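Here is a protein chain to read together. Take each question in turn, and look at the model before you read on.

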Amino acid sequence: MDGSLGIFARATFLTVVIAMGGSAAAGELAATASKRIPICHGYSCNYRTMLALGPGDGARFRSILRAGAGSPQAERSAISKAVRYFEQRIFRATGIRDLPQSEFGASRIRGQMDCVDESTNTYALLVYLAERKLLRFHKVEDKASRGLFVDGRYPHWTAVISDRGGTEWVVDSWYAPMGGAPDIFPLSQWKKRGVLESGALD
């Protein structure tokens, strides 16, 4: 085989390989690519700490979501585990473990998070997962809110995903301590909750 023919054969082979597996390889690279995410804390994003997610984090998220590849329900369970891992990484970045819910009337408490911080950070994670093609059964929606004081409910925000059937699901990490499992259930149910009873949110 002369030199030019050899080059042509190698180029043809490479073209076939790219056509057959290039998209998968690209997906693998995207899933492990580094990403810097500004983490909100201090109530209503008064403070921001940059969290660098590296290839090791990408591989961990890919492993977590792969375990949920069988069904929408399994994927939501995997998203819960991804949020828990993400919050562990946030703790390593801020050095402060966020307590569940919020201290009402407080402000600018570094490292602690209200629902604005929590929903913003969870939304950023969900976008990170979607960008890396790790969500098979859900897409990321805009954040949602409920409560206006005048309706007897405290204002509250959450991140949201939707399944292929159009059902929207909250991913609400505010109620749990840092690293705990977020609430994941239909947005329609979440909208009805939050009534102030004896000074506490249900």
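Q: At roughly what angle do the axes of helix α3 (residues 72-94) and α4 cross?
A: This is a predicted model, where local features need pLDDT of at least 70, side-chain atom pairs count only at pLDDT 80 or more, and totals for chains, interfaces and linings use all residues. Residues are numbered from 1 along each chain as its sequence is written, and side-chain values use heavy atoms, with hydrogens and water left out. The axes (lines fitted to C-alpha atoms, for helices over the stretch in contact, with angles from 0 to 180 degrees between N-to-C directions) of α3 and α4 come within 11 Å. They cross at roughly 115°.

Q: Which residues of α4 make the contact with α3?
A: Contact means heavy atoms within 4.5 Å. From α3 come I79, A82, V83, F86, E87 and I90. From α4 come E118, N121, T122, L125, L126 and L129.

Q: How many residues of the contact of α3 with α4 are nonpolar?
A: Ala, Val, Leu, Ile, Met, Phe, Trp, Tyr, Cys and Pro count as nonpolar; Asp, Glu, Lys and Arg count as charged; the others, Gly among them, are polar. In this contact, 2 residues are polar and 2 are charged. The nonpolar ones number 8.

Q: What span should helix α4 (residues 115-131) have?
A: Helices are DSSP runs of H or I with at least four residues, strands are runs of E with at least two, and both are numbered from the N terminus. The expected span is 1.5 Å times one less than the number of residues. Helix α4 has 17 residues, and its end C-alpha atoms are 24 Å apart, which agrees with the expected 24 Å.

Q: Which residue caps the N-terminal end of α4?
A: Look for a side-chain oxygen by the backbone nitrogen of V116. The two atoms lie 3.1 Å apart. The oxygen belongs to D114.

Q: Which residue takes a positive phi just after α4?
A: Look past the end of the helix. The phi there is about 60°. The residue is K133.

Q: Is T94 of helix α3 buried or exposed?
A: Buried means under 20% relative accessible area, exposed over 50%, and partly exposed in between (1.4 Å probe, protein chains only). T94 has 18% relative accessibility, so T94 counts as buried.
It sits in helix α3, and the verdict is buried.

Q: With which side chain does the side chain of T49 make a polar contact?
A: T49 lies in strand β2 (residues 47-53). A polar contact is a pair of N or O atoms within 3.5 Å; within protein, one must be able to donate a hydrogen and the other to accept it, and residues adjacent in sequence count only if both atoms are side-chain atoms. Here the distance is 2.8 Å, and the partner is H41.

Q: Is L99 buried or exposed?
A: L99 is in the loop between α3 and α4. Leaving aside neighbours within four places in sequence, L99 is in contact with Q112 and P177. Its relative accessibility is 54%, so L99 counts as exposed.

Q: What distance separates the C-alpha atoms of L99 and P177?
A: Along the chain, L99 and P177 are 78 residues apart. In the model, their C-alpha atoms are separated by 4.9 Å.

Q: How many strands does the chain have?
A: Read along the sequence, the pattern is α-β-β-α-α-α-β-β-β-β-α-β-β. The helices number 5. The strands number 8.
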